[in-house]
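Here's a walk through one protein chain, starting with its rings and then moving on to sheets and cores. Keep the viewer open as you read.

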Amino acid sequence: MKGVYFLIFLISCICLSISTTTNGMLERLQHPAKSDGSLSFLVVGDWGRKGAYNQSRVALQMGRIGETMNIDFVISTGDNFYNDGLTSVNDSAFQQSFTRIYTAKSLQKQWYNVLGNHDYRGNVEAQLSPVLSKIDGRWLCKRSFIVHSEIAEIFFVDTNPFVTNYFRDPKFDWRGVMPRKSYIATLLKDVESALKNSTAKWKIVVGHHAIRTAGPHGESHLVHTKFLQASDVDLYINGHDHCLQRISTNESRIEFLTSGGGSQAWFGFFDESRVGLKFYYDGQGFMSVNLNPETAEIMFYDVSGKILHKFNVIK
């Protein structure tokens with residue numbers, strides 16, 4: 001989708017991560033690592049369909065894998081509620097698509113959520129509201145923020161304001177983002193500062209849209225990853241394309257990972273010739289990340305919990 005135009009601007013200026021207000025200063029949250037210094041979490045995206053399109057089956061397997069790994073938290077890559085986000089903090093879709101679906105004991109951990117384009121077609125303020133955290137204490141959704149966990153810093157960014165085409169859709173809720181130019185300028189400044197000053201062993205950036213993809217939403221001329229690379233970013237994780245995917249090229253040490261298989265999938269086509277494509281699965285599923293000081297172990301699972309692809313990143 002040419003709507004990923006924001007990435008040309010976003011990446012070439014500095015690309016991804018974080019800012020919550022036009023006043024600058026990215027909010028930093030603390031999440032402790034395990035006693036041995038390791039950290040493990042699951043990643044799922046594009047899921048909120050009240051259990052339909054195998055969302056419930058994916059949730060079941062997430063619970064099983066989450067217990068095996070003793071995960072510390074869960075990351076959502078956006079499009080949390082289809083088709084048009086939430087209408088309000090009282091929208092029953094919140095419990096129907098989240099609380100009543102991800103019921104496994106291992107998933108009763110903090111969920112760190114970013115917004116997707118479908119979330120913006122509803123009431124964005126509802127998803128950002130602390131009221132939802134009172135309804136379900138696992139829920140934490142902010143526009144852009146940092147999670148610091150000793151061994152790693154995870155930079156969450158709301159990529160939606162960079163997509164020019166979205167501003168032509170009257171359904172999108174841009175409260176808190178306008179005026180757009182100053183919002184983006186502040187965001188980019190904060191990103192640059194946060195990544196440059198981070199001394200974390202592992203640096204991970206999470207956004208809804210893809211920088212590298214072979215999926216049907218496509219990518220634009222995304223060749224300017226120099227800033228992310230210079231900032232020693234290890235992983236860029238996104239959703240948006242309803243698939244599981246890994247792209248890794250010689251031009252960059254960054255692993256580009258897609259976890260957008262939380263519910264509806266099976267688009268039926270992708271670019272098999274995409275340079276650097278190491279793995280692509282068109283169906284439902286999720287991924288896991290296990291970090292220790294020397295190695296990141298990453299796995300992709302299908303709807304039955306089968307491991308489809310796994311690899312290690314060595315520090």
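Which residue lies over the face of phenylalanine 256, at 5.6 Å from the ring centre? That's arginine 212. Bear in mind that the model is predicted, so everything below describes a computed structure.

**Charges and rings**

Arginine 212 has a counterpart elsewhere: the charged end of arginine 49 sits over the ring of tyrosine 53, 5.2 Å from its centre.

Rings also meet other rings here, and the structure holds 27 aromatic pairs. Two of them are set out below.

| Aromatic pair | Centre to centre | Angle between planes | Geometry |
|---|---|---|---|
| Phenylalanine 98 and tyrosine 102 | 6.1 Å | 50° | tilted |
| Phenylalanine 279 and phenylalanine 300 | 5.0 Å | 40° | tilted |

Take the second pair: phenylalanine 279 lies in strand E12 (residues 277-281) and phenylalanine 300 in strand E14 (residues 295-302), so the pair ties together parts that are 21 residues apart in sequence. Both of these phenylalanines are buried.

As for the other pair, phenylalanine 98 has 0% relative accessibility, so it counts as buried. Tyrosine 102 is buried too, with a relative accessible area of 0%. Both residues belong to a cluster linked by ring pairs, made up of Trp47, Phe81, Phe94, Phe98, Tyr102, Trp111 and Trp139.

**The two sheets**

Zooming out, the chain's secondary structure comes to seven helices and 15 strands.

Eight of the strands make an open sheet with mixed pairing, in the order E1-E6-E7-E8-E9-E11-E10-E12. Strand E1 (27-30) and E12 stand at its edges with a single partner strand each, so one side of each has no neighbour in the sheet. From one strand to the next, the twist averages 15°.

Within this sheet, strand E7 (residues 152-156) runs parallel to E8, and five bridges join them. Phenylalanine 155 has valine 205 as its bridge partner in E8. Further along, strand E9 (residues 235-238) and strand E11 (residues 255-259) also run parallel, joined by four bridges. There, leucine 235 has glutamate 255 in E11 as its bridge partner.

Strand E8 (residues 202-206) deserves a second look. How many of its residues are buried? Five of its five residues are, making the strand mostly covered. In a regular strand, side chains alternate between the two faces of the sheet. In E8, Trp202, Ile204 and Val206 are on one side, Lys203 and Val205 are on the other, and all of them are buried. Yes, that includes a lysine.

The other open sheet has seven strands, in the order E5-E4-E3-E2-E13-E14-E15, again with mixed pairing. Strand E5 (139-141) and strand E15 (307-314) are its edge strands, each pairing on one side only. The twist in this sheet averages 20° from one strand to the next. Strand E4 (residues 110-113) pairs with E5 in the parallel sense over three bridges. Asparagine 113 stands opposite cysteine 141 in E5.

Helix H2 (residues 55-69) lies across several strands of this kind: strand E2 (39-44), strand E3 (73-76), E4, strand E13 (285-291) and E14. H2 runs at about 15° to E13.

**Packing inside**

What sits in the middle of all this? The largest nonpolar core has 54 residues, and the ones with the most contacts inside it are Met62 and Tyr102. At least two residues of this core come from each of E2, H2, helix H3 (93-99), helix H4 (124-128), E5, helix H6 (180-197) and E14. Helix H6 gives the most, with seven residues.

Which residues does methionine 62 contact, leaving aside its neighbours within four places in sequence? They are Leu42, Val44, Val74, Tyr102, Ser106, Leu107, Trp111 and Phe286.

Apart from that core lies another one, of 32 residues, including Phe73, Ile151, Val206 and Tyr281. Val206 is also one of the buried residues of E8.

For the chain as a whole, 62% of the 315 residues count as buried. Among contacts between residues at least 6 apart in sequence, 74% join residues at least 24 apart.

Note on methods. Residues numbered from 1 in each chain as written. Predicted model: local features only at pLDDT ≥ 70, side-chain atom pairs only at ≥ 80, totals over all residues. Heavy atoms only, no water. Phe/Tyr/Trp six-rings, centres within 6.5 Å; stacked < 30°, edge-to-face > 60°. Buried < 20%, exposed > 50% of the residue type's maximum accessible area, 1.4 Å probe, protein only. Lys NZ or Arg CZ within 6 Å of the ring centre and 35° of its normal. Pairing = 2+ DSSP bridges. Axes fitted to C-alpha atoms, helices over the stretch in contact; angles between N-to-C directions. Contact = heavy atoms within 4.5 Å. Core = buried A, V, L, I, M, F, W, Y, C linked by side-chain atoms within 4.5 Å.
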